[in-house]
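Here are my notes on the model you sent over. Have the structure open next to them and go point by point.

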Amino acid sequence: TYFGKVLRAQEARVVELAPEQEVGGVHIAPFHGRLSTLAVTLAGDVPARVILMTDTGRRDQSTQPGGTVEFDQLAPGEYEVVAEGGGGAELKVAQSTIGVGNERELVTLQLQPAPRLQVRCVDQQSRARNPPSMSIFVRRREGVEEAERKRVRCGEALSLTPGEWEFAAVAPPDQYVAAVRGAVPGGTSYIVKMLGQGVQEVTVVIERQPSKLGGKVTLADGTGAVGAPVFLYAIDMDLRSRLGGVRMVRSNQNGDYEFVGLAPGHYEVISSYALQDPGDAEWPPGRGAAVNVEAGREKTLDVEVVEEVR
């Protein structure tokens, strides 16, 4: 039972804690009831790994064709179960969302050929491109654990297990990602839903002549700030997804900073020693200094270090 008397972590009450602050009143009274066991039988012609996704991470067991694995100590609720066997182009998978409530639940998963993600890279005229230093990664979105990233190349097709996958593309320094088609913006990356069988195509549009943004970071007295964290935030979610979320650089010994490989668009810039990594720097529009970056141009924006970020 999570704080707030709920069974799922996503619904739990959040406790805000500041430095050197002590918070009381966090009382948790567990729900009464029996925990359940989920028995999963594998139907297919290859051995497979059966994975159970829970709020506290993933649990997995391996079994032979026709075998059964059991997951015990489960609270009532819905769980995602995935099975995968074989590998590469021969990957076979099964996926199901199971409602658990009885003392013992039984389910059979039928392995079938995995859906495939086809990645295409093109320019604005839809001509095929394949930059050797192009970096494209996918990672399954699953619970609280960090799933393994898989690299995919332009023109490659990759077999994946059903479910939602994060998709990120990083262009070489002399180019930028102008668009991603076939995926949904997610803020720090794109989201691709792999369902059933067949091929899901994602197209990455690459453009030459990226933009640059730079300037000087100063302290309150006007002197250059050395090693100051500078954060770049794209206002539009699609642009932010192409950027990979909030981007960060540090000013040099003269207080100068520079962001390269940018797509045109509206950004905000903020510098503060109170922020140390991009994960701390999510903010609503209006928090930083606004700037419009034009295609293939260099833009200058000087900023002053902000002591407190609210």
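1. Start with Tyr176: its bridge partner in β17 is Glu207. The two strands, β14 (residues 175–181) and β17 (residues 199–208), run antiparallel and are joined by six bridges. Strands here are DSSP E runs of at least two residues, helices are H or I runs of at least four, and both are numbered from the N terminus; two strands pair if DSSP finds at least two bridges between them. Six of the seven residues of β14 are buried, so this strand is largely enclosed by the rest of the structure. Buried means under 20% relative accessible area, exposed means over 50%, and partly exposed is in between (1.4 Å probe, protein chains only).

2. Before going further, keep in mind that this is a predicted model: local features need pLDDT of at least 70 and side-chain atom pairs count only at pLDDT 80 or more, while totals for chains, interfaces and linings use all residues. Residues are numbered from 1 along each chain as its sequence is written, and side-chain values use heavy atoms, with hydrogens and water left out.

3. Now the overall picture. The chain has one helix and 25 strands. Of its 310 residues, 41% are buried. Along the principal axes, the C-alpha atoms fill a box of roughly 70 × 60 × 25 Å.

4. Two open sheets are worth tracing. One has five strands in the order β3-β2-β5-β6-β8, paired antiparallel. Its edge strands are β3 (57–63) and β8 (112–113), each pairing on one side only. Seven bridges join β2 (residues 48–54) to β3, again antiparallel, and Val50 stands opposite Gln61 in β3.

5. The other open sheet has four strands, in the order β20-β19-β22-β23, also with antiparallel pairing. At its edges are β20 (247–250) and β23 (289–293), each with a single partner strand, so one side of each is left without a neighbour in the sheet. Neighbouring strands of this sheet are turned by 30° against each other on average, direction ignored; the axes are lines fitted to C-alpha atoms (for helices over the stretch in contact), with angles from 0 to 180 degrees between N-to-C directions. β22 (residues 265–271) pairs with β23 over five bridges in the antiparallel sense, and Val269 stands opposite Ala289 in β23.

6. How many disulfides does the structure hold? There is one, joining Cys121 to Cys154 with an S to S distance of 2.0 Å; the criterion is a pair of cysteine sulfur atoms within 2.5 Å. Cys121 lies in β9 (residues 116–122) and Cys154 in the loop between β11 (149–151) and β12 (157–159), so the pair ties together parts that are 33 residues apart in sequence. The torsion about the S-S bond is about -75°, so the disulfide is left-handed. Both cysteines are buried.

7. On to charges. The count of salt bridges is 14, taking a side-chain nitrogen of Lys or Arg within 4 Å of a carboxyl oxygen of Asp or Glu. In one of them, Asp45 meets Lys92 at 3.1 Å, N to O. Asp45 is in the loop between β1 and β2 and Lys92 in β6 (residues 92–100), so this pair ties together parts 47 residues apart in sequence. Asp45 is exposed at 53% relative accessible area, whereas Lys92 is partly exposed at 22%.

8. Look at β13 (residues 163–170) too, where Glu166 sits; its partner Arg139 is in β10 (residues 135–140), 27 residues apart. Their side chains meet in a salt bridge at 3.1 Å, N to O. Arg141 and Glu164 form another, at 2.7 Å, N to O. Arg141 lies in the loop between β10 and β11 and Glu164 in β13, 23 residues apart. Arg141 is partly exposed at 37%, as is Glu164 at 31%. Arg141, Glu164 and Lys193 are linked in a network of salt bridges.

9. Finally, the segment after β25 (303–304), where Val306 is placed. Val306 is partly exposed, with a relative accessible area of 30%. Check its distance from Ala295: the two are eleven residues apart in sequence and 29 Å apart in space, C-alpha to C-alpha.
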